[in-house]
Amino acid sequence: MATGVAFGQTRVISGVVTDNASVPLDAVTVVIVGTQKTVTTDGKGSFKIEASTGQSLRFIYIGAEPLTIPITAESANLKIKLVIAINNLNEVVVTGYQKERKKDITGAVNVVDVSKIRDIPSGNAVKSLQGRVPGVLITTDGSPTGQATVRIRGIGTLGNNDPLYVIDGVPTKNGLEQLNQNDIESIQVLKDASSATIYGSRAANGVIIITTKKAKKGYSKIDFNASTSIQNYATKLKTLNAEERGRAYWQAAVNDKAIPNNNQIYQYDWNNNFNNPVLNRVIFPEYIDAAKTMKAADTYWFDDIAQNSIIQSYDAALSNGGEKGNSLFSVGYYDNQGIVKESRSQKYTARFNSDYNYLDNKLKIGENFSASYIKNAQIPASDILFASLVQQPVVPVYTVNGGWGGPAAGMTDRQNPVRLIEDNKQNTYNFYRFFGNAYADYQIIPGLNFRTNFGVDYNGIYQRLLKKSYVSGFLADPANQVSNSQTYQGNIIWQNTLNYKFTRDKHNLEILAGQEYIKNISQEFSASRQGLAIENIDYAYLNAGTTNTLNGGSGGGNRLLSYFGKMNYSYYDRYIASVTLRRDGSSRFGKENRYGTFPAFSLGWRMSEEKFIKDMGLFSDLKLRYGWGRSGNQEIPNNATRSLYSAIYGTDPTWDFDKGTAYDITGAGTGQLPSGFALIQQGNDNLKWESLKESNFGLDFGLWNNKLTGSVDYFIKKTSDILISPAYLAVLGDGGNSYSNGASLQNKGLDAILTYEDKIGGDFNFSLTGNFSLYRNKVTYLPKDVLASYPGNGTDKNVLGRPINSYFGYVADGLFTSQAEVDAYASQPGKGLGRIKYKDLNNDGVINDLDRDFIGDNSPKFTYGLNVSLSYKNFDMSFFLQAINVDVTNDFKTYTDFSSLWTGTNWGSRTLDAWSPSNPGSTIPALTLVDRNNEGRFSTYFIENGSYLKLRNLQIGYNLKKALNMKIQNFRIFAQGSNLFTIKSKAFTGTDPEIPNYGFPVPVVGTIGVNITL
C-alpha cells in the first residue's frame, strides 16, 4: 500500500503567519501563484486554503518583503515568518475601543516609536516625547517629580487644556508619571476630532492612548533594565558678589546725586565728586546686624543650594506565553535626587497583565493592573530658587553661633534659601495609585464579539508636614506647626461593547456599539496644630500639638453615562470611510442640558491602489484623508450650575473685610454664635456643553517601497460655548460669581512628519525622522462684560481676533542717550538720561495708559524635531534634536537689569554693564535707587526671543549577545547624554529660554545602563 500525497492532489493547507517577533499578522494576503485564488489571515494570523502539491504559495503584506514557498507532500501546518519594515502599514494600532491597521486610519493619528524613548531617564514617558510628535507641545522643567504639560494642537479652551489618557482601555485625566516607562508597549496620539470623538466629552483636547506590554504566545522571557545617571546644572544664573553689589549700589546712588554712604550696610571710600565720581573701595562692616550675629559674607547662593546628583532606574519583567494563556509581571524602581539639595522623587511600580482563553478560544478573560507609590521631597523649590537670586551676597548662611543668617536692615524680607532646604527636608509627599481593568471578550459568532470591561483608577495623597520655628535675620516666626492632609480620588469605569467584523470579496466592514459608565469621587481632609515641644518629624503628630487646632475637609463627585457607535468601511483597500456618534450625559449640567451629542466622520482614498499611480512606479503608499468631528468639554466644578451659600464665621479686616455671617466679638477666633449664610455663587441652569468642531485635511505617502514615508495634516479647530467664570461688576455685590457659556476660539495649523529608512550593505542601517508643526490661535468671541478680564484695555483694544495668550503693554524704544533727546520727547514722567523711552503710539505727546497695545504673544511660531538612528552590526547610535521658535517673558530681568525695582535685593551681573555716560552703547537702563520712570511696567523690554535648539539625547549602545556566547536573547550596554547643549538667540539674556522664569532648571544628564533579555 502506498503512502503519502500524490502530486497534483488538492488538499487544505493551513498555517499561521507572524512577524519576526512571532506576533500574529492579520490581513496577510495568501495567493496560489498563477491563479486568482486568495485568502487572508485572521486576527490570529491563521489561514486555510485549498492547494495542490507542486503549486506555490505567495504571502503578501504591506510593509513586508513578499515570501513565496513551494507546496510539498509534507506541507501541512505551516509556520510563516515575514520580515516587517519599521514603517509597516499593516501594523495594528489602538484608536478607540478598537484596533485598526495603520493603512486604514483616516484621522490624524501619530504612532510613537517607543523604542526611541525607552532608556531616557526622565521618570515620565510624556517628558520623553517632547518634540517627537508633530502638533504636540510638551513643556516641562528639571524637577525630579517629572511633571509635564501637554498641549495638542494649541490652546482649545480657556480652562483645562490637558488631553485625555487611555491606558489599556481605561480613560483617565491623570498623567503618565506614575507608570513605569518600560512597561509601555505602544503610544498613539489622536489629534483631531474625527479620531478622538469616540471618547466623547473628555476628548476635546486630544487623546493619548497607552498600551502596556503583554506576554506573547510561545515566548517566555525575563527582561531586566538598569541605568545610573549623574546630573548637574547646565548654567547657573549670574548674580552679583558682595563687592559687585556694593559697587552697583554706589553707582546707582551717585547717578541719583544721593550720598552713597547713607545706607545701613555698605560704606564707600570715594572722591565725593558727583560730576566726576571715582570709587576707591567698598568698605564692609564686620557685622551686618546690630546684634553682631551675622558677619559680612560673600555668598553665591546658587552654589549653596545646588548639587551634582544621581538618578537610578531599575526594572524587571517576567513574561510567559502559552496555548491557553499569557501572563506578565513587572516591578520597577526610579530614584531622582535632583540638582537642588534635598529635592528627590522615588517611584515604586508593579504590574500584572494576564489573559486566558476558554471554550475553544472563543472566550478570553484578562486583566491589566498596576500599583505605584511615589515619595517626593516637599521642599519649596520655587521659593528656594527665587531666594537664591534675590538674597544679598553679604548675608551669611549661618550666624556666628550657628543660627540662620538672614536679611538685615535695609534689605527686603527674603528668606535664606539654605534654611528653606534644611527646615523642610523632613517633609514628604506620599502618593499611591491603583490602576487597571479586568475584561471578558466572547466571540458570539465568527466576526461578532461582545466585550465587557471594568476599570478602576484610584489614587490617594498623604502628607504630614512640620513647619519649624526660626530666626533668620530680621525674619522670625516663633510658632511651629504640624499639619496633616489626606486626599483620595477615584474613578470606576464600566464599558460594554459589541464589535462586528464582516469581510466579503473586497468589502471590509466593522461596526462597534458601546456603552460606558464613569463614576468619580473625591474627598480630602486636613488638620493642623501648633505648640510642639520638640521639632522632630518623628514626634510631630497632631496629638503633640497644644494650640491653634484647625481642621477642614471637603468632598465631591460626578458621573458620566455614554452611548457610542462607530462604523469603519473599506472597499478594495482603496476607499475608506468611518462614521462615529457618541452621546454623553454629565451630572455637572442641569437636566435641560445634561446630554450632548458628538458626531464625526472621516474619508480616505488610497490613491496608491489606483492603476494610474501604480503605473508611475514611485509611490508604495499614497492616501488622501479628510475628517470632521465635534467633541465636548465638561471641565467645570461639580456644582457649577448651582447657587451656593456658605456659613462664614468671623471677618478678616485686612483681606476679606466684612464677609462674615457671624461676628467674633471677643476676637478669640472661635465661638458658639449661630452663623447665617452668604451667597458665594449664582446658579445657572442654562449651562451647557462646551463644543469643539474640527476639520482635518491629511496626506500620507510612501515612496520607494516605503523607504521614504511621511504625512502632512492641516486643521481648523473651532471651540464655541466655552465654559468660563467671568469677572463680574462690583455693583452685583457678594455672590456675583457664576459659570456661563461665553467665548469662542479658533486654531489653525499644520503638522508634518517625514521618515527615511534604508540600509547600506547588509550590516549598516539608518533612519532619519523629522517633524514640523505650527498653529495660530485667536479669540473669535467674548461677551462684552468680560472683555476687561483678558488682554487689552476692554474697550477699543481688546483680544478679539488675537491669540488668547497675547501680551499687552508698552513698546520700549531704547534708552534716552542725550539730554536733547530727553527734552524733545513726549511728556513721560521720570524720563532722563539712561532711562527707557516708551513709544507714543497715539501721538498725543503724553506717555500714559493709552499708549499700551498688543506687543506679541507666547504661542510658538513653529516647532520641529529631528531623530537620527544608526546601527552597524552590534553597534547602535542615535541622537535627537528638538527646537522651538517662540517669544517669552523673561521674568529674571526685573532683578538682573534694574537696581530700582527691588532695591533691597541682590541684582544680576548685567547691572555692571548698565548705561552711563562712559558706557553709552549699553541697552541696560542706568542704575538708580528710585524708579521714577516706572520701568517695572510691562513692556517689550521684558519680551525676548525664547527660541532654542537642544540636543535632547545622544545615545551609543553595543549588544554583547554574540560576544558572550551564551543562551541569551539580548545583552546591550549603552551610554547616553541628555540636554547636552542648547543653541539660543543672542537676544535672550537669561540662562535657558526653556525656563524663562523661576522654574526648576533643566539639568545636563549623563547615563550608563544595560538592557538584558533572558
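## A run of paired strands

Let's start with strands β21 (residues 325-336) and β22 (residues 345-358), which run antiparallel and are joined by 12 bridges. Within this pairing, Ser330 has Arg351 of β22 as its bridge partner. The model you are looking at is a predicted one, so please read everything below in that light, because side-chain atom pairs count only at pLDDT 80 or more.

On to the next pairing: β22 also pairs with strand β23 (residues 363-377), in the antiparallel sense and over 14 bridges. Here Ser345 finds its bridge partner in Asn376 of β23. The hairpin of β22 and β23 has four residues between the strands, and in this hairpin Leu359 takes a positive phi near 55°.

## A four-stranded sheet

Another place to look is an open sheet of four strands, ordered β3-β2-β5-β6, with antiparallel pairing. Its edge strands are β3 (38-40) and β6 (67-70), each of which pairs on one side only. Direction ignored, neighbouring strands of this sheet are turned by 20° against each other on average.

If you zoom in on one edge, you will find strand β2 (residues 29-32) paired with β3 in the antiparallel sense over three bridges. One residue pair to pick out is Val30 with its bridge partner Val39 in β3.

## The largest nonpolar core

Now for the interior. The largest nonpolar core holds 41 residues, and those with the most contacts inside it are Ile265, Tyr268, Ile288, Val394, Met411, Ile836 and Tyr941. Two or more residues each come from α3 (242-255), β18 (267-270), β19 (279-283), β43 (812-815) and β44. Helix α3 gives the largest share of this core, six residues. Apart from this core lies another one, of 34 residues, with Val114, Val126, Ile493 and Leu687 among them.

Two of the residues named above deserve a visit. Ile836 lies in strand β44 (residues 836-838) and is buried, with a relative accessible area of 1%. Leaving out residues up to four places away in sequence, Ile836 touches Ala812, Gly814, Leu815, Phe816, Gln828, Phe898, Pro925, Asn933, Glu935 and Tyr941. Ile836 and Tyr941 are 105 residues apart along the chain, yet 8.7 Å separates their C-alpha atoms. Met411, with neighbours within four places in sequence set aside, is in contact with Ile265, Ile288, Gln391, Gln392, Val394, Val395, Phe474 and Gly904.

## A mostly covered helix

Helix α5 (residues 381-390) is mostly covered, with eight of its 10 residues buried. These buried residues are Ala381, Ile384, Leu385, Phe386, Ala387, Ser388, Leu389 and Val390. What do they pack against? The buried residues of α5 meet α4 (301-305), α6 (417-422) and α9 (893-896).

## A buried arginine

Our last stop is Arg972, found in strand β51 (residues 970-978). Arg972 counts as buried because its relative accessible area is 6%, which is under the 20% cut-off. The side chains of Arg972 and Asp876 are joined by a polar contact of 2.8 Å.

Asp876 also appears in the wider contact list of Arg972, which leaves out residues up to four places away in sequence: Arg118, Asp119, Asp876, Gln955, Gly957, Tyr958, Asn959, Gly1009, Val1010 and Asn1011.

Technical notes
Residues are numbered from 1 along each chain as its sequence is written. This is a predicted model: local features need pLDDT of at least 70, side-chain atom pairs count only at pLDDT 80 or more; totals for chains, interfaces and linings use all residues. Side-chain values use heavy atoms; hydrogens and water are left out. Two strands pair if DSSP finds at least two bridges between them. Axes are lines fitted to C-alpha atoms, for helices over the stretch in contact, and angles run from 0 to 180 degrees between N-to-C directions. Buried means under 20% relative accessible area, exposed over 50%, partly exposed in between (1.4 Å probe, protein chains only). Contact means heavy atoms within 4.5 Å. A nonpolar core is a set of buried Ala, Val, Leu, Ile, Met, Phe, Trp, Tyr and Cys residues joined through side-chain atoms within 4.5 Å. A polar contact is a pair of N or O atoms within 3.5 Å; within protein, one must be able to donate a hydrogen and the other to accept it, and residues adjacent in sequence count only if both atoms are side-chain atoms.
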